[in-house]
Amino acid sequence: MKFISHIRNATVLAALAFQGCGTAFTDPATRLAAEVRDAAKLVAQQDGARHTHIHRTPSRAGECEGPYRVQLDESGALVVWCKSAANGETVSSHSTSAHAATVSTRETFIVDKRTGEDLVIELARIGGKVTIIAAR
């Protein structure tokens, strides 16, 4: 019984540690999707309401610090390609659809950004649902 109690305590401590980490174990696409979900909460409830979200880059020091490409796909996918500042070749790619349950995308947007350049995402409420209407 004492062994089970120790396992339970270790599980609770691990859960609390991970909960405190927030985005510590995520990638650029997952963090951007979380930002989009949070930004969607700022769009007023009436149809036609709009909100502009500015994603500051890089979202984490030491990660995706060169130029990058973002695809916001009408199917619900969000893809981030991190590129080398030296030669522009892709050094990593990350994808998610974590935002798709709460935010739709009107069309597929593919945006190339220079090193350190912010991504601007325009959101609007259309037919009661928050929709990405532009990305630049």
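What follows is a friendly conversation between a biologist and a modeller about a predicted model.

Biologist: Let's begin with the overall layout. What elements does the protein have, and in what order do they run?

Modeller: This predicted model has two helices and eight strands. From the N terminus on, the order is α-α-β-β-β-β-β-β-β-β. Of the 136 residues, 35% count as buried, that is, under 20% relative accessible area. The accessible surface comes to about 7,800 Å², and 54% of that belongs to carbon and sulfur atoms.

Biologist: What share of the contacts is made by residues 24 or more positions apart?

Modeller: Such residues account for 61% of the contacts with a separation of 6 or more.

Biologist: Now the sheets. What makes S4 and S6 edge strands?

Modeller: Look at the strand order, S4-S3-S2-S6, in an open sheet with antiparallel pairing. Strand S4 (90-96) and strand S6 (109-113) each have a single partner strand, so one side of each is left without a neighbour in the sheet. From one strand to the next, the twist averages 10°.

Biologist: How do you know that S2 and S3 are paired?

Modeller: Pairing needs at least two bridges between two strands. Five bridges join S2 (residues 68-72) to S3 (residues 78-83), and these strands run antiparallel; the bridges therefore meet the criterion for a pair. Tyrosine 68 stands opposite cysteine 82 in S3.

Biologist: Which strands of this sheet does helix H2 touch?

Modeller: H2 (residues 28-40) packs on the sheet and touches S2, S3 and S4, its direction making about 135° with that of S3.

Biologist: And what is the strand order in the other open sheet of four strands?

Modeller: Here the order is S1-S7-S8-S5, with mixed pairing. S1 (50-55) and S5 (103-105) stand at the edges; each has a single partner strand, so one side of each lacks a neighbour in the sheet. Neighbouring strands are turned by 35° against each other on average, direction ignored.

Biologist: Why is the pairing in that sheet called mixed?

Modeller: Compare the partners of S8. Six bridges join S7 (residues 119-126) to S8 (residues 129-135), and those two run antiparallel. Three bridges join S5 to S8, which run parallel. Both directions of pairing occur, and the name mixed follows. Isoleucine 132 of S8 takes part on both sides: leucine 123 stands opposite it, and it is the bridge partner of threonine 105.

Biologist: What is notable about glycine 127 in the hairpin of S7 and S8?

Modeller: That hairpin has two residues between the strands, and glycine 127 takes a positive phi near 60°.

Biologist: Why is S8 described as largely enclosed?

Modeller: Five of its seven residues are buried, so S8 is largely enclosed by the rest of the structure. Helix H2 lies across S1, S5, S7 and S8, running at about 40° to S7.

Biologist: How do you know that the length of H2 agrees with what a helix should span?

Modeller: At 1.5 Å a residue, its 13 residues should span 18 Å, and the end C-alpha atoms are 18 Å apart, so the two values agree. The buried residues of H2 are Pro28, Ala29, Arg31, Leu32, Ala33, Val36, Ala39 and Ala40. At the start of the helix, a side-chain oxygen of aspartate 27 reaches to within 2.9 Å of the backbone nitrogen of alanine 29.

Biologist: Why is threonine 108 called partly exposed?

Modeller: Its relative accessibility is 30%. Buried would need under 20% and exposed over 50%, so a value in between counts as partly exposed. Threonine 108 sits in the loop between S5 and S6.

Biologist: What makes the pair of threonine 108 and aspartate 73 a polar contact?

Modeller: The limit for such a pair of N or O atoms is within 3.5 Å, and these side chains are joined at 3.5 Å. The side chain of threonine 108 also reaches the backbone nitrogen of glutamate 74 at 3.2 Å. Leaving aside residues up to four places away in sequence, threonine 108 touches Gln71, Leu72, Asp73 and Glu74.

Biologist: How far apart are threonine 108 and isoleucine 132?

Modeller: They are 24 residues apart in sequence and 9.6 Å apart in space, C-alpha to C-alpha.

Conventions:
Residues numbered from 1 in each chain as written. Predicted model: local features only at pLDDT ≥ 70, side-chain atom pairs only at ≥ 80, totals over all residues. Heavy atoms only, no water. Axes fitted to C-alpha atoms, helices over the stretch in contact; angles between N-to-C directions. Contact = heavy atoms within 4.5 Å. Buried < 20%, exposed > 50% of the residue type's maximum accessible area, 1.4 Å probe, protein only. Areas by Shrake-Rupley, 256 points an atom, 1.4 Å probe, with all protein chains shown as cover. Expected span 1.5 Å × (residues − 1). Polar contact = N/O pair within 3.5 Å; in protein donor to acceptor, adjacent residues only side chain to side chain.
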